[in-house]
Amino acid sequence: MPVDILVGTQWGDEGKGKLIDVLTRDVDAVVRFQGGNNAGHTVEIGDRHYVLHLVPSGIFRPGVKCVIGNGVVVDPVALDAEIRELEAKEIDTGAIELSNRAQLIFAYHKAADALNEQGAKVKIGTTGRGIGPAYSDKMRRTGIRAIDLTSPERLSAQFRTEAAKYNRLFAEAGAPQLDIEAELAKMLEAATRLAPLVTDTVYSVNAAIKAGKNVLFEGAQGALLDIDHGTYPFVTSSNTTSGGACTGGGVPPQCIRDVWGVIKAYTTRVGAGPFPTELFDATGEKLRQVGREFGATTGRPRRCGWFDAVASRYACMVNGVNKLAVTKLDVLDDLEQIAICVGYRINGKVTDQFPAALADLEAAQPVLEYHPGWKCDISGARSWSDLPENARKYLARMAELVDSEIAIISVGPRRDQTFAR
């Protein structure tokens, strides 16, 4: 059955949105299976620039169904605004489906998110979008689901009850109270427009698979932010790895064919948390500026460093990646020398395994090997043979170290700057 999954193999911002857009030339449906509007997928088509947060990146391909799956947490006001913004740019949004089982994010979740971060001893660096509190409510079984968008009376009653609970918590913490009726009015307005999109996507996605349609599952955050397999506690609140596609989309594992791993030619990270190859010098700043490394969701500058093969090999293993898509190779064009981290030195011992203990990862010093740069503009390359020899050698070493095969290479932000290996 032709079902593929695309995931990020680093700490996010690998270029998943662009690759989804490229791969949707050959698919019938794209399914988001986790995360919320803390994601920011950037797509450039010609001279037009788009940033998506909840809508799957297949929206720019006519006839491609765009499914927001049950594993996603959805801010209805934010989703409504995103859809209206796309429509204002003359993008057809008629193919969007919203799972009736998806959990909803409300203003009280965002207020709780900010309060939690403010009072935390260890700052996680969340986006403040209410993702963690919404997933917490889901696990506490007090969350409100998208099916309730179709019943204003039930939705209003549930919202008032849950918002009142949060207001009591805010009062105890000395935080501002939520204007429940004002927030309810905003949410009900969005619900009116979103209700027609709500459907049982488990049935519609499985029906598409059974009919032999090509379905692509779209990961929202990188594998190293996975709640179980990432750099805990500096992670997101969902399973960002390929296994999350089955639970977050409602499909059986035996239907999966390929797992695409998007991997940046260097490494970046947004927010707090350990980052062994981070560069604090002029090279790190150059990567940030040339690569336009600023968060699509928050605008925060991304931390930049050398390619970390230890972390990415672990991510490829956990996800079962068998096809790599390398992005932003062109950002390295001007460098005389390029380093790759091939191991960690932790308390005097060298390892090629990604540690689970936060203290070990914080203590890790990168073991680097150096490669000569290519010192030329590769943004016009459209095939493997167009790349300079040093670029091809660098890519081959990346693939060898992460134990996967390169299938796609990107040398710029546009659709036409992407080619098959």
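A residue is called buried if its relative accessible area is under 20%, exposed if over 50%, and partly exposed in between, using a 1.4 Å probe and protein chains only. The model on your screen is predicted, so local features need a pLDDT of at least 70 and side-chain atom pairs count only at pLDDT 80 or more, while totals for chains, interfaces and linings use all residues. Residues are numbered from 1 along each chain as its sequence is written, and side-chain values use heavy atoms, with hydrogens and water left out.

**The whole chain**

Begin with the entire protein in a cartoon view, where the secondary structure comes to 12 helices and 20 strands; here helices (H or I, at least four residues) and strands (E, at least two) are DSSP runs, numbered from the N terminus. The C-alpha trace spans about 65 × 50 × 40 Å along its principal axes. If you colour the model by burial, buried residues make up 55% of the 421 residues.

**Two phenylalanines**

Next, turn to the aromatic rings, of which a search of the whole structure finds 11 pairs. Rings of Phe, Tyr and Trp (its six-membered ring) pair if their centres lie within 6.5 Å, and planes under 30 degrees apart count as stacked, over 60 as edge-to-face and the rest as tilted. Select Phe33 and Phe217, which form a tilted pair with 6.4 Å from centre to centre and 55 degrees between the planes. Because Phe33 lies in the loop between strand 2 (29-32) and strand 3 (41-45) and Phe217 lies in strand 10 (residues 215-222), this pair ties together parts that are 184 residues apart in sequence. Phe33 is buried, with a relative accessible area of 1%, and Phe217 also counts as buried, at 0% relative accessibility.

**Two tyrosines**

Now select Tyr108 and Tyr166, whose ring centres are 4.7 Å apart with the planes at 20 degrees, so this pair is stacked. Tyr108 belongs to helix 3 (residues 107-119) and Tyr166 to helix 5 (residues 152-172), so that the pair links distant parts of the chain, 58 residues apart. Are these two tyrosines buried or exposed? Both Tyr108 and Tyr166 are buried. Add Phe106, Phe159 and Phe170 to the selection, and you will have the cluster that ring pairs link together with Tyr108 and Tyr166.

**A cysteine in a loop**

Finally, select Cys255 in the loop between helix 8 (243-249) and strand 11 (256-264). At 1% relative accessibility, Cys255 counts as buried. From there, draw a line to Leu184: the two residues are 71 residues apart in sequence and, C-alpha to C-alpha, 41 Å apart in space.
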